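Biologist: Please show me the model, and then we can go through the core and the first helix.

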Amino acid sequence: MHEALKLILAPFQAFLLAVKVKSINPSIIHAHTFYYGLLCRLARIPFLLTPQGGELTERPYQSYLYRILMGWTLRGASHVFVDSARMHDSALSLGCNKVSV
């Protein structure tokens with residue numbers, strides 16, 4: 001339920017993020033989880049992404065919707081930073097070509 005609610009609220013939260021970012025005008029945002037990367041992608045804000053382990057190596061293979069959203073978010077990032085070869089391989093398999101360990 002919690003994840004479904006987050007997805008329902010994501011467009012509204014992305015709008016609020018876009019308003020806030022416009023007021024401070026950073027050149028890029030560093031998102032530290034998939035969800036915040038998703039918000040940046042929805043708000044069309046340039047971002048760097050550092051996903052957490054399981055959200056990249058396990059969850060995309062448990063849910064088709066999560067896999068689609070994760071791939072879309074990864075491909076929209078200016079760059080993705082991970083901390084293991086397994087995460088690197090998962091990012092590549094989801095279509096991300098801008099990933100560093």
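Modeller: A nonpolar core is a set of buried Ala, Val, Leu, Ile, Met, Phe, Trp, Tyr and Cys residues joined through side-chain atoms within 4.5 Å. Buried means under 20% relative accessible area with a 1.4 Å probe, protein chains only, while over 50% is exposed and in between is partly exposed. The model is predicted, so local features need pLDDT of at least 70 and side-chain atom pairs 80 or more, whereas totals for chains, interfaces and linings use all residues. Residues are numbered from 1 along each chain as its sequence is written, and side-chain values use heavy atoms, without hydrogens and water.

Biologist: Which helix gives the most to the largest nonpolar core?

Modeller: The largest core has 26 residues, and Leu49, Leu56, Met70, Leu74 and Val80 touch the most other members. Elements that each supply at least two residues include helix H1 (2-24), helix H4 (64-76) and strand E2 (47-49); helices (H or I, at least four residues) and strands (E, at least two) are DSSP runs, numbered from the N terminus. With six residues, the one that gives the most is H2.

Biologist: Which residues of H1 are buried?

Modeller: The cover over the buried residues of H1 includes strand E1 (29-31) and H2. The buried residues themselves are Ala10, Ala14 and Val21.

Biologist: What is the angle of the kink in H1?

Modeller: The bend at a residue is the angle between axes fitted to the seven residues ending there and the seven starting there. In H1 the kink lies at Ala10, shortly before the proline Pro11, and its angle is about 50°.

Definitions and conventions. Contact means heavy atoms within 4.5 Å.
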